[in-house]
Amino acid sequence: MSAYGKGQRGFLLWELTLVIMIMTVLAALAFPGVFKFYRQAAVEYEAEHLLADIRRCQSLSRVSGSSAWKYGADSSADTFVHLVLEKGRYTTMAGNLRTLERHAYLAGVKAVKEDNTTYATRADIAFSQEGTPRSVESMMTILIYYQGYEQEGRRIMISKGGRIRMERGQHGG
């Protein structure tokens, strides 16, 4: 006779089935929390990344604008660094021709330019030598959010005077 008695036959399979069922229930309960953590972390990461790149564009435009004329810039458009917000990514460019960096958003993350109730997936963010935005009349707002969760998004605001800030937290809408 084996080490296991006749009454023990099939007991291991029953235990294994029970453990798998318990793990499935626990995973189903944990999934919404894990998903919420991921989407908030992804949005925060992308918002911080975009904020840093906008500030870098502003800083480079202040520093390189006047000195670019000495290094072959043919027009004023060649003397500034700007950021082009596109669907699914953004590109940092020097002048109109030279791409400095491309950044693709994490899966599910979107960024749009907000104008009251309308959204645009394309925007050009450029600064003058003084650090003020070139095409902002009062305030430019960029919303970074996880698709389907706009209310949890982050807003990057650029004022006419060149102040750049990020707003976190729950939003209506």
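Guide: Angles here run from 0 to 180 degrees between N-to-C directions, with axes fitted to C-alpha atoms. Keep that in mind for the helix. The model is predicted.

Visitor: What makes up the protein, in helices and strands?

Guide: One helix and nine strands. The helix comes at the start of the pattern, α-β-β-β-β-β-β-β-β-β.

Visitor: How do you know the direction of α1 relative to β1?

Guide: The angle between them is about 150°. The scale ends at 180 degrees and compares N-to-C directions, so 150° means that α1 and β1 point largely opposite ways. Helix α1 lies across β1 (81-86), β2, β3 and β6.

Visitor: Which strands form that sheet, and in what order?

Guide: Four strands, in the order β3-β2-β1-β6. The sheet is open and its pairing is antiparallel.

Visitor: What makes a strand an edge strand here?

Guide: An edge strand pairs on one side only. That holds for β3 (98-104) and β6 (123-126). From one strand to the next, the twist averages 20°.

Visitor: How do you know that β1 and β2 pair?

Guide: Pairing needs at least two bridges. β1 and β2 share six, and they run antiparallel. Six passes the cut-off, so they count as paired. One bridge sets Leu85 against Tyr90 in β2.

Visitor: Why is the β1 and β2 unit called a hairpin, and what is in its turn?

Guide: The two strands have two residues between them. They also run antiparallel. Gly88 sits in the turn, with a positive phi of about 85°.

Visitor: How do you know that β2 and β3 pair?

Guide: Use that cut-off of at least two bridges again. Strand β2 (residues 89-94) and β3 have six, in the antiparallel sense. Tyr90 has His103 as its bridge partner in β3. Arg89 stands opposite Ala104 in β3.

Visitor: What is the strand order of the open sheet of five strands?

Guide: The order is β5-β4-β7-β8-β9, and pairing is antiparallel.

Visitor: Why do β5 and β9 stand at the edges?

Guide: β5 (118-120) and β9 (164-167) each have a single partner strand, so one side of each is left without a neighbour in the sheet. Neighbouring strands are turned by 30° against each other on average, direction ignored.

Visitor: How do you know where α1 packs on this sheet?

Guide: By what α1 touches: β4, β7, β8 (149-159) and β9. Its direction makes about 10° with that of β8.

Visitor: What makes β4 and β7 a pair?

Guide: Six bridges join β4 (residues 109-115) to β7 (residues 139-146), and the two run antiparallel. At least two are needed. One match is Ala111 with Ile144 in β7.

Visitor: Why is Phe11 called partly exposed?

Guide: Its relative accessible area is 42%. Buried means under 20% and exposed means over 50%. The value falls in between, so Phe11 is partly exposed. Its place is in helix α1 (residues 11-64).

Visitor: What makes Phe11 eligible for a surface patch?

Guide: Patch residues need over 30% relative accessible area. Phe11 has 42%, so it passes that test. The patch is nonpolar and joins Phe11, Trp14, Leu18, Met21, Ile22, Val25, Leu26 and Leu29. Together they have about 860 Å² of accessible area.

Visitor: How many of the residues count as buried?

Guide: Of the 173 residues, 36%. The accessible surface of the protein comes to about 10,900 Å², and carbon and sulfur atoms hold 57% of that.

Methods:
Residues are numbered from 1 along each chain as its sequence is written. This is a predicted model: local features need pLDDT of at least 70, side-chain atom pairs count only at pLDDT 80 or more; totals for chains, interfaces and linings use all residues. Side-chain values use heavy atoms; hydrogens and water are left out. Patches are made of residues with over 30% relative accessible area and no salt bridge: like charges are joined within 9 Å, nonpolar side chains (Val, Leu, Ile, Met, Phe, Trp, Tyr) within 5 Å. Accessible areas come from the Shrake-Rupley method with a 1.4 Å probe; for residues, only the protein chains shown count as cover. A salt bridge is a side-chain nitrogen of Lys or Arg within 4 Å of a carboxyl oxygen of Asp or Glu. Buried means under 20% relative accessible area, exposed over 50%, partly exposed in between (1.4 Å probe, protein chains only). Contact means heavy atoms within 4.5 Å.
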